[in-house]
Amino acid sequence: METSNIIFYIFGAITVLSTLYIVLTKNILYAAFALILTFIGVAGIFIFLGAEFIAVTQILVYVGGILILLVFGIMLTNRLSEKKVVSPSYNKLFGFVIAGGLFVLLIKGILQANFSALGWINQETSSPSGIREFGMTLMTDYVLAFEIIGLLLLLALIGAVRIAGNTRKEAEDAI
Amino acid sequence: MPFDYLLFLGAFLFCAGLFVVVTRKNAIMVLIGIELMLNAANINLIAFSSYDPVALQGQIFSIFIITVAAAEAAVGLSIIVKVYQHFKTADLDKINELKG
């Protein structure tokens, strides 16, 4: 077995196990921490697939940003008085039927598509580092979409601050 | 490296996210499930993009997905915090004032 295969299986196992933990645990905070492991496993798989920039962005944005936001959200929406922050599962049977049914459907589809038989799957894919090409493509062909996504991020952040912050009236009432 | 295993991993992550979204009542757990589903989409995009090292559409699309996920998490969490201040709960089943 090659080394790259072993690395892939290790990161895949990290991702799958931490995802299973998120599904099974009742504690919201533990689920958020297991989500960190899931994101790191997925980032490892991205590096393995030759997408280093996406992997670093994944760790920066998800682990550094979204996870912190989630933990702050848990802190602000639960009264942390000795009690554990739990959220048990409901309608487990229906949830399992829906998710399991979709999973079986997707697996059957993937197996029937038989990607390994396609020509472009089997050709040599070693791209040493695509970061230069990635930057060139992002800044030439897709520069309009890039600017629009930056604008969307700015609008979302302003909106988030406006929604979560106190209005002037609430601030005056609080005094 | 078997290509199918990557797609199986994406399918598993998506279904686990769907299970979490369907079965949990806490709003933050629902957000966690949505993040899992977005990551599953990213895995599929990058898996297919790795066979095309010149055009890289999949990687660029996944950058946009990550950005939209960040925006969605920020706005979603601010709404959850505001809802918690108003209703004193983050349980999605108890927020039913619009129910007739």
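These legends walk through a predicted model of two chains, A and B.

**Figure 1. Chain A, an all-helix run seen end to end.** Chain A carries eight helices and zero strands, so from the N terminus on the order reads simply α-α-α-α-α-α-α-α. What radius of gyration does chain A have? The value is 22 Å, well over the 16 Å that the globule rule gives for 175 residues, so chain A is more spread out than a compact globule. Along the principal axes, its C-alpha atoms fill a box of roughly 70 × 45 × 30 Å. Of the 175 residues in chain A, 23% count as buried. Take the contacts in chain A between residues at least 6 apart in sequence, and 57% of them join residues at least 24 apart.

**Figure 2. The two domains assigned to chain A.** The domain assignment splits out domain 1, covering residues 1-83, and domain 2, covering residues 129-175. How many Å lie between the C-alpha centres of these two domains of chain A? The answer is 23 Å.

**Figure 3. Chain B and its three helices.** Chain B has zero strands, and its elements run α-α-α from the N terminus on. The radius of gyration is 17 Å here, while a compact globule of 100 residues would come out near 13 Å. The box filled by the C-alpha atoms of chain B is roughly 50 × 25 × 20 Å, again taken along the principal axes. As for burial, 52% of the 100 residues of chain B count as buried. Among the contacts in chain B between residues at least 6 apart in sequence, 45% join residues at least 24 apart.

**Figure 4. Where chain B touches chain A.** On this view, 57 residues of chain B are in contact with 67 residues of chain A. Which elements of chain B give two or more residues to the side that touches chain A? They are helix 1 (3-23), helix 2 (27-49) and helix 3 (57-87) of chain B. Helix 3 of chain B gives the most, with 20 residues. Sort the residues on this side of chain B by class and you get 43 nonpolar, nine polar and five charged.

**Figure 5. Helix 3 of chain A against helix 2 of chain B.** Here the view closes in on one helix pair. The axes of helix 3 (residues 52-76) of chain A and helix 2 of chain B come within 11 Å and cross at roughly 175°. Angles over 145 degrees count as roughly antiparallel, and helix 3 of chain A and helix 2 of chain B are therefore roughly antiparallel to each other. From helix 3 of chain A, the contact is made by A:I54, A:I66, A:L70, A:G73 and A:I74. Helix 2 of chain B puts in B:I28, B:L31, B:I32, B:E35 and B:I46. By class, this contact has eight nonpolar, one polar and one charged residues.

**Figure 6. B:L77 and its surroundings.** B:L77 sits in helix 3 of chain B. Is B:L77 buried or exposed? It counts as buried, because 24 C-beta neighbours fall inside 10 Å and the cut-off for buried is 20 or more. Leaving aside neighbours within four places in sequence, B:L77 is in contact with A:L69, A:G73 and B:L31. Two of those names, A:G73 and B:L31, also turn up in the contact between helix 3 of chain A and helix 2 of chain B. B:A27 is 50 residues away from B:L77 along the chain, yet their C-alpha atoms are separated by 8.9 Å.

**Figure 7. Positive phi at A:N91.** Most residues other than glycine have a negative phi. A:N91 goes the other way, with a phi near 50°. Where is A:N91 found? Look in the loop between helix 3 and helix 4 (92-113) of chain A. A:N91 is partly exposed, with 13 other C-beta atoms within 10 Å.

**Figure 8. Positive phi at B:K88.** B:K88 has a positive phi of about 60° although it is not a glycine. The residue lies in the segment after helix 3 of chain B. Why does B:K88 count as exposed? It does so because it has 10 C-beta neighbours inside 10 Å, and 12 or fewer is the cut-off for exposed.

Technical notes: Residues are numbered from 1 along each chain as its sequence is written. Chains are lettered from A and ligands numbered from 1 in the order in which they are written. This is a predicted model: local features need pLDDT of at least 70, side-chain atom pairs count only at pLDDT 80 or more; totals for chains, interfaces and linings use all residues. Two residues are in contact if their C-beta atoms, placed from the backbone, lie within 7 Å. Helices (H or I, at least four residues) and strands (E, at least two) are DSSP runs, numbered from the N terminus. Ala, Val, Leu, Ile, Met, Phe, Trp, Tyr, Cys and Pro count as nonpolar, Asp, Glu, Lys and Arg as charged, and the others, Gly among them, as polar. Domain bounds come from an automatic or database domain assignment. Axes are lines fitted to C-alpha atoms, for helices over the stretch in contact, and angles run from 0 to 180 degrees between N-to-C directions. Angles under 35 degrees count as roughly parallel, over 145 as roughly antiparallel, 65 to 115 as roughly perpendicular and the rest as oblique. The radius of gyration is taken over C-alpha atoms; the globule rule is 2.2 Å times the number of residues to the power 0.38.
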